[in-house]
Amino acid sequence: MLTPRQLFLRHQAQTSDFPLLLEIERAEGVYMYDANNEQYLDLISGIGVSNVGHRHPHVLQAIQNQLDKYLHLMVYGELVQAPPARLAQALTATLPAHLDNVYFTNSGTEAVEGALKLAKRHTGRTKLLSCYNAYHGSTHGALSITGSEGFKNAFRPLLPDVQHLRHNHFEDLQLIDEHTAAVVIETVQGEAGVRLPAPGYLPALRQRCTEVGALLILDEIQSGFGRTGTFWAFEQFGIEPDILLTAKGMGGGMPIGAFIAPQHIMASFKTDPILGHCTTFGGHPVSCAAALATLQVIQEENLLAGVAEKATRFRQQLQHPAIREVRNCGLMMAVEFASFEVLKPIIDHALWQEHVLTDWFLFCDNSLRIAPPLTITLEQIDDACAALLRAVSSVES
């Protein structure tokens with residue numbers, strides 16, 4: 001009988017020639033365990049997914065409770081089901097009053113796709129703007145607004161009428177005009193290596209969109225659900241979006257995403273054509289139950305309160321001549337080195353010798369990603385930093 005590793009290599013589609021090939025049998029909290037019961041500290045939360053840790057008991061209980069009732073019943077939006085309805089109410093309760101309507105998807109990239117269609121349908125315009133080095137997903141429309149030519153050139157032609165802004169360049173805001181349906185921007189740039197908006201940049205962007213009637217779509221697929229220390233990152237920058245995107249940390253490990261907009265905008269999908277946006281599995285009851293439990297864990301365990309202290313703990317300890325800079329917004333962090341050639345052996349050493357899992361960023365391959373579960377303790381942070389510094393020193397020597 002073939003082993004899981006052999007089956008993985010033979011039958012599962014690969015996305016690179018060098019997968020990690022770390023075989024995990026179980027996970028709990030901030031740790032994953034391999035086939036030999038070796039423990040690995042997860043510093044990236046499945047790329048910003050396990051914000052409340054792996055297999056949080058409250059999330060598991062919510063999943064089990066829903067499994068005992070029903071699974072998929074009908075395509076999205078036809079039957080009244082308590083899990084998506086209650087989740088929608090809980091989500092809107094965290095948001096400004098105008099963001100009162102939620103469309104559930106299966107992932108972040110699907111949330112992007114839905115929001116792009118909604119913006120075009122509502123405004124009657126076609127022009128879309130996003131930032132260079134932004135990442136918004138890998139499906140066709142989401143890839144079109146992703147801001148890295150090297151990442152998307154092999155798949156052209158993509159959507160027409162897409163332009164890119166230089167992040168934090170105020171003068172580029174004049175590209176937003178009366179032909180613009182929407183500007184899509186990450187509140188905090190993720191795959192660019194954790195780049196924060198300059199003071200006044202997001203308010204200026206908000207004002208320009210309002211002036212010309214363009215919709216402002218904030219992508220909080222990575223930065224939402226407490227990752228930055230507030231439930232939504234935009235709370236820290238004095239603006240409100242017209243459409244909000246979320247996913248990743250939303251489901252506590254289950255697949256789910258959403259785009260959220262005012263009801264009068266979302267109503268554009270009801271007519272001309274009817275069923276203007278459809279999904280079979282969006283709003284799946286089990287995923288929605290898990291997401292509601294995740295939201296409740298963040299609130300009831302007051303996880304937001306510890307984010308700043310935990311981020312400071314990382315910053316204080318990650319000091320080394322090889323470390324050029326540490327950038328962060330809460331526990332969304334980037335540790336910069338001279339080059340990918342310097343960083344990659346550090347990541348490999350940390351994983352295989354220190355049992356600490358991290359990685360780099362798609363569009364910033366000289367920076368190490370740190371995005372642990374929000375439940376990580378100060379002692380676990382100490383262990384992680386000591387392990388990373390040993391990896392740096394070992395590789396440097």
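## A surface loop and its patch

Let's start on the outside: Val75 sits in the loop between helix 3 (57-67) and helix 4 (82-93). In this predicted model, Val75 has a relative accessible area of 36%, so it counts as partly exposed, given that the partly exposed class runs from 20% to 50%.

Val75 also belongs to a nonpolar patch on the surface, formed with Leu73, Met74 and Leu79. Together, these residues have about 330 Å² of accessible area.

## The nonpolar cores

Now for the inside. In soluble globular proteins, nonpolar side chains tend to be buried together. Here the largest nonpolar core has 91 residues, and Phe104 and Phe314 have the most contacts inside it. Helix 10 (residues 285-300) supplies the largest share of this core, with 10 residues. A second core, separate from that one, has 24 residues, among them Leu116, Ala181, Phe259 and Ile265.

Phe314 is worth a look in your viewer. Setting aside neighbours within four places in sequence, its contacts include Leu43, Leu331, Met333, Ile370, Pro372 and Ile376. Phe314 also touches Ile381, Ala384 and Cys385, each of which is a buried residue of helix 13.

## Helix 13 and its cover

Helix 13 covers residues 378-396, and its 19 residues should span 27 Å at 1.5 Å a residue; the end C-alpha atoms are 27 Å apart, so the two values agree.

The buried residues of this helix also include Leu378, Gln380, Ala387, Leu388, Ala391 and Val392. What covers the helix's buried residues includes helix 11 (307-317) and helix 12 (340-352), along with strand 2 (31-34), strand 3 (39-42), strand 13 (356-357) and strand 15 (364-370).

Conventions: Residues are numbered from 1 along each chain as its sequence is written. This is a predicted model: local features need pLDDT of at least 70, side-chain atom pairs count only at pLDDT 80 or more; totals for chains, interfaces and linings use all residues. Side-chain values use heavy atoms; hydrogens and water are left out. Helices (H or I, at least four residues) and strands (E, at least two) are DSSP runs, numbered from the N terminus. The expected span of a helix is 1.5 Å times one less than its number of residues. Buried means under 20% relative accessible area, exposed over 50%, partly exposed in between (1.4 Å probe, protein chains only). Contact means heavy atoms within 4.5 Å. Patches are made of residues with over 30% relative accessible area and no salt bridge: like charges are joined within 9 Å, nonpolar side chains (Val, Leu, Ile, Met, Phe, Trp, Tyr) within 5 Å. Accessible areas come from the Shrake-Rupley method with a 1.4 Å probe; for residues, only the protein chains shown count as cover. A salt bridge is a side-chain nitrogen of Lys or Arg within 4 Å of a carboxyl oxygen of Asp or Glu. A nonpolar core is a set of buried Ala, Val, Leu, Ile, Met, Phe, Trp, Tyr and Cys residues joined through side-chain atoms within 4.5 Å.
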